[in-house]
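Please find below a colleague's note on the model, set out as numbered points. Each point takes up one feature that can be checked against the coordinates.

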Amino acid sequence: DGLLLASMDVASQNVAKFIFLEIAGGDLVMRFSNGTGAGRYVAALKSVSLCDGRWHRINVAASATHLTIRADEETFTFRHDDTETSTLGLTFNSFSLNYIGGIKSSEVVAPLKYGVNTNGFSGCVRNLTSGRVA
């Protein structure tokens with residue numbers, strides 16, 4: 001288990017907008033806030049074990065109404081109708097703080113408020129892209 005990605009805007013220990021992607025109990029968990037509400041989606045992996053010493057492909061795509069999380073060939077699509085808890089306007093490129101594989105100890109307070117596992121991810125990340133249209 002561990003934090004794969006943390007992107008956030010922090011203003012005096014209050015996080016208005018964030019995206020956290022973590023491995024928790026073998027599942028992929030994405031938590032986010034667009035500034036007016038927070039959401040949490042769990043991709044409960046059945047056929048993919050992310051902790052097996054092999055390379056895996058993880059893709060997260062969001063629109064105003066859907067969030068899709070894909071791990072190798074296993075795909076989860078979540079629908080969110082409520083604009084308060086939608087991913088509307090959130091992109092990894094728009095945050096002032098971005099961390100891959102863990103988080104700086106001085107920034108841990110904000111993610112802990114949302115139940116995020118702040119332990120660093122033990123493994124490797126390669127071929128990371130952001131904002132690419134497939």
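**Notes on the predicted model**

1. Ala 61 has Thr 68 as its bridge partner in E6. The next pairing to check is that of Ala 62, whose bridge partner in E6 is Leu 67. Strand E6 covers residues 66–71 and is joined to E5 by five bridges, the two strands running antiparallel. The connection between E5 and E6 is a hairpin of three residues. As the model is predicted, local features are taken up where pLDDT is at least 70.

2. These strands belong to an open sheet of three strands in the order E5-E6-E7, paired antiparallel. Which strands stand at the edges of this sheet? They are E5 (58–62) and E7 (74–79); each has a single partner strand, so one side of each lacks a neighbour in the sheet. On average, neighbouring strands of this sheet are turned by 10 degrees against each other, with direction ignored. In general, the side chains of a regular strand alternate between the two faces of the sheet.

3. The loop between E6 and E7 holds Asp 72. This residue is not a glycine, yet Asp 72 has a positive phi of about 55 degrees. The value deserves a remark because most residues other than glycine have a negative phi. Asp 72 counts as partly exposed because its relative accessibility is 23%, and the range for that class lies between 20% and 50%.

4. For the chain as a whole, the secondary structure comes to one helix and eight strands. Along the sequence the pattern reads β-β-β-β-β-β-β-β-α. The chain has 134 residues, of which 38% count as buried.

5. How many salt bridges does the structure hold? There are two. One of them joins the side chains of Glu 22 and Arg 31, at 2.9 Å from N to O. Is Glu 22 buried or exposed? Glu 22 is buried, since its relative accessible area is 1%. Arg 31 is buried as well, with a relative accessible area of 12%. Both charged partners of this salt bridge therefore fall under the 20% cut-off for buried residues.

6. The other salt bridge is formed by Glu 73 and Arg 70, whose closest N and O atoms are 2.8 Å apart. Glu 73 counts as exposed because its relative accessibility is 67%. Arg 70, at 34% relative accessibility, counts as partly exposed. Arg 70 lies within the residue range of E6, 66–71.

7. The structure holds three aromatic pairs. One of them is the stacked pair of Phe 18 and Phe 20, with 4.7 Å from centre to centre and 25 degrees between the planes. Phe 18 is buried, its relative accessible area being 1%. Phe 20 is buried too, with a relative accessible area of 0%. A further stacked pair is made by Phe 32 and Tyr 41, at 5.6 Å centre to centre and 15 degrees between the planes. Both pairs count as stacked because their planes are under 30 degrees apart.

8. What residues do ring pairs link into a cluster? Phe 32, Tyr 41 and Phe 78 are linked in this way. Phe 32 counts as buried because its relative accessibility is 0%. Tyr 41 also counts as buried, at 12% relative accessibility. Phe 78 falls within the range of strand E7, 74–79.

9. On the surface, Ile 100, Val 125 and Leu 128 form a nonpolar patch, and together they have about 270 Å² of accessible area. Leu 128 sits in the segment after helix H1, which spans 109–113. Why does Leu 128 count as exposed? Its relative accessibility is 54%, and the class begins over 50%.

Key:
Residues numbered from 1 in each chain as written. Predicted model: local features only at pLDDT ≥ 70, side-chain atom pairs only at ≥ 80, totals over all residues. Heavy atoms only, no water. Patch = residues over 30% accessible without salt bridge, like charges linked within 9 Å, V, L, I, M, F, W, Y side chains within 5 Å. Areas by Shrake-Rupley, 256 points an atom, 1.4 Å probe, with all protein chains shown as cover. Salt bridge = Lys/Arg side-chain N within 4 Å of Asp/Glu carboxyl O. Helix = DSSP H or I, 4+ residues; strand = E, 2+ residues; numbered from the N terminus. Buried < 20%, exposed > 50% of the residue type's maximum accessible area, 1.4 Å probe, protein only. Phe/Tyr/Trp six-rings, centres within 6.5 Å; stacked < 30°, edge-to-face > 60°. Pairing = 2+ DSSP bridges. Axes fitted to C-alpha atoms, helices over the stretch in contact; angles between N-to-C directions.
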